[in-house]
Amino acid sequence: MTWTTRRRSERSGLAAIEAGAGTRIVLLHGVGLRAEAWNRQIDALAGSYHVTAFDMPGHGGSPVRPEMTCVSDYADAVLADLTEPVLVVGHSMGAMIALDLASRAPDRVRGVVALNAVFERSPDAARAVQRRAAELDGVTIADPTGALDRWFGKEASPEREACRDWLCSVTPAGYKGAYTVFAHDPGPRRADLEQLSCPALFMTGAQEPNSTPAMSQAMAALAPNGRAIIVPEAAHMMPMTHAEAVNAALLAFAAEVLS
């Protein structure tokens, strides 16, 4: 599998990769990445569904929006394009956006999947991510080595190299804006999870040190129709490195909520 760039369309001011036909599934990537991070999911889902993988503002082909200062601002950018109920799937910060959409726009979300989502970071973890955000100047490209080491370890792989390319090509201002929001948001609120009206799947890797299995399990326990899946040996970039397990879970969940 190569992580080649795909053709984009424009949807409500955001760039997006679209594939397939039928009931719609929306894919939302994490900070510093782009819609191609979902390549394996797009290929797996497009045989049965209309897949839209957005570029986050300031990422890929989507322009920077300096006015965005919270997760709900990013969610509103996606919400503008949701004209019918969809299944929304997010990874990392994309999971925060997906859960915000499910909470605030239940009429547009038939189900939500949160991959590698954070929830109630420890004080030490919060300080660490906020310190990294404060080091970004919004002008120069940040050294991607630290992020890549956290996501993949030191070992080289096509997935690591693809993420390096994306992190080195993202707009510095867009990256700083999104990372700052990600760093200062603790994840979904307990009250919002308890009031989710749609089915919710929380999925992370057993080797994930930041979006931990305990976080996904806690969120699943709070959501009225929540469930958790922990993928053995996977870490943060699970949709890329463990696509077979992720795709199987997404297809089963989609068959349940979109039937």
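The following conversation walks through a predicted model, taking its helices, loops and empty spaces in turn.

Biologist: Which residues of helix H5 are buried, and where on the helix do they fall?

Modeller: Helix H5 covers residues 145–152, and its buried residues are Ala 147, Leu 148, Trp 151 and Phe 152. Seen down the axis of H5, these buried residues fall within an arc of 100°, so they line one face of the helix. In general, an α-helix has 3.6 residues a turn, so residues three or four places apart point the same way. The residues asked for are therefore Ala 147, Leu 148, Trp 151 and Phe 152, and they line one face of H5.

Biologist: What covers the buried residues of H5, and which residue follows the helix?

Modeller: The cover over the buried residues of H5 includes helix H6, residues 158–169, and helix H10, residues 238–241. After H5 comes a residue whose phi is positive, near 80°, and that residue is Gly 153.

Biologist: Is helix H3 largely enclosed or not, and how far apart are its end C-alpha atoms?

Modeller: Of the 12 residues of H3, 10 are buried, so the helix is largely enclosed by the rest of the structure. Its buried residues include Met 93, Ile 97 and Leu 101, and Asp 100 is also among them. At 1.5 Å a residue, helix H3 (residues 93–104) should span 16 Å, and this agrees with the separation of its end C-alpha atoms, which is 17 Å.

Biologist: Where does Asp 55 sit, and which backbone nitrogen lies 2.9 Å from a polar atom of its side chain?

Modeller: Asp 55 is placed in the loop between strand S4 (50–54) and helix H2 (71–79), and its relative accessible area of 0% falls under the 20% limit, so it counts as buried. Leaving aside neighbours within four places in sequence, its contacts include Arg 8, His 29, Arg 34 and Gly 61. The backbone nitrogen that lies 2.9 Å from a polar atom of the Asp 55 side chain is that of Ala 35.

Biologist: Is His 29 buried or exposed, and which backbone nitrogen does its side chain reach?

Modeller: His 29 belongs to the loop between strand S3 (24–28) and helix H1 (39–45), and at 2% relative accessibility it counts as buried. Not counting residues up to four places away in sequence, His 29 touches Asp 55, His 59 and His 91, among others. Its side chain reaches, at 2.8 Å, the backbone nitrogen of Met 56.

Biologist: How many cavities of 30 Å³ or more does the structure hold, and what is the volume of the largest?

Modeller: The structure holds 3 cavities of 30 Å³ or more. The lining of the largest cavity includes His 29, Asp 55 and Met 56, together with Ile 97. The volume of this largest cavity is about 60 Å³.

Biologist: Which element gives the most residues to the lining of the largest pocket?

Modeller: The largest pocket holds about 350 Å³ of space and is lined by 22 residues, of which Val 129, Arg 132, Tyr 179, Phe 182 and Asn 210 lie nearest its centre. Two or more lining residues come from each of helix H4 (123–134), H5 and helix H7 (172–184). The element that gives the most, with 4 residues, is H4.

Biologist: Where is His 236, and what separates its C-alpha atom from that of Leu 115?

Modeller: His 236 lies in the loop between strand S8 (226–231) and H10, and at 8% relative accessibility it counts as buried. Its contacts, not counting residues up to four places away in sequence, include Trp 151 and Asn 116. Although His 236 and Leu 115 are 121 residues apart along the chain, their C-alpha atoms are separated by 8.8 Å.

Biologist: Asn 116 and Glu 233 have positive phi values; which of them is buried and which is exposed?

Modeller: Phi is about 55° for Asn 116, in the loop between strand S6 (109–115) and H4, and near 70° for Glu 233, in the loop between S8 and H10. With a relative accessible area of 66%, Glu 233 is exposed, whereas the buried residue, with a relative accessible area of 0%, is Asn 116.

How values were computed:
Residues are numbered from 1 along each chain as its sequence is written. Side-chain values use heavy atoms; hydrogens and water are left out. Buried means under 20% relative accessible area, exposed over 50%, partly exposed in between (1.4 Å probe, protein chains only). The arc is that of the directions from the helix axis to the C-beta atoms. Contact means heavy atoms within 4.5 Å. A polar contact is a pair of N or O atoms within 3.5 Å; within protein, one must be able to donate a hydrogen and the other to accept it, and residues adjacent in sequence count only if both atoms are side-chain atoms. The expected span of a helix is 1.5 Å times one less than its number of residues. On a 1 Å grid over the protein atoms alone, a cavity is a set of points where a 1.4 Å probe fits but cannot get out, and a pocket is an open set with protein on both sides within 12 Å along at least five of seven lines; lining residues have an atom within 4 Å of a point. Grid points are joined across faces, edges and corners, and a volume is the space filled by probe spheres set on the points.
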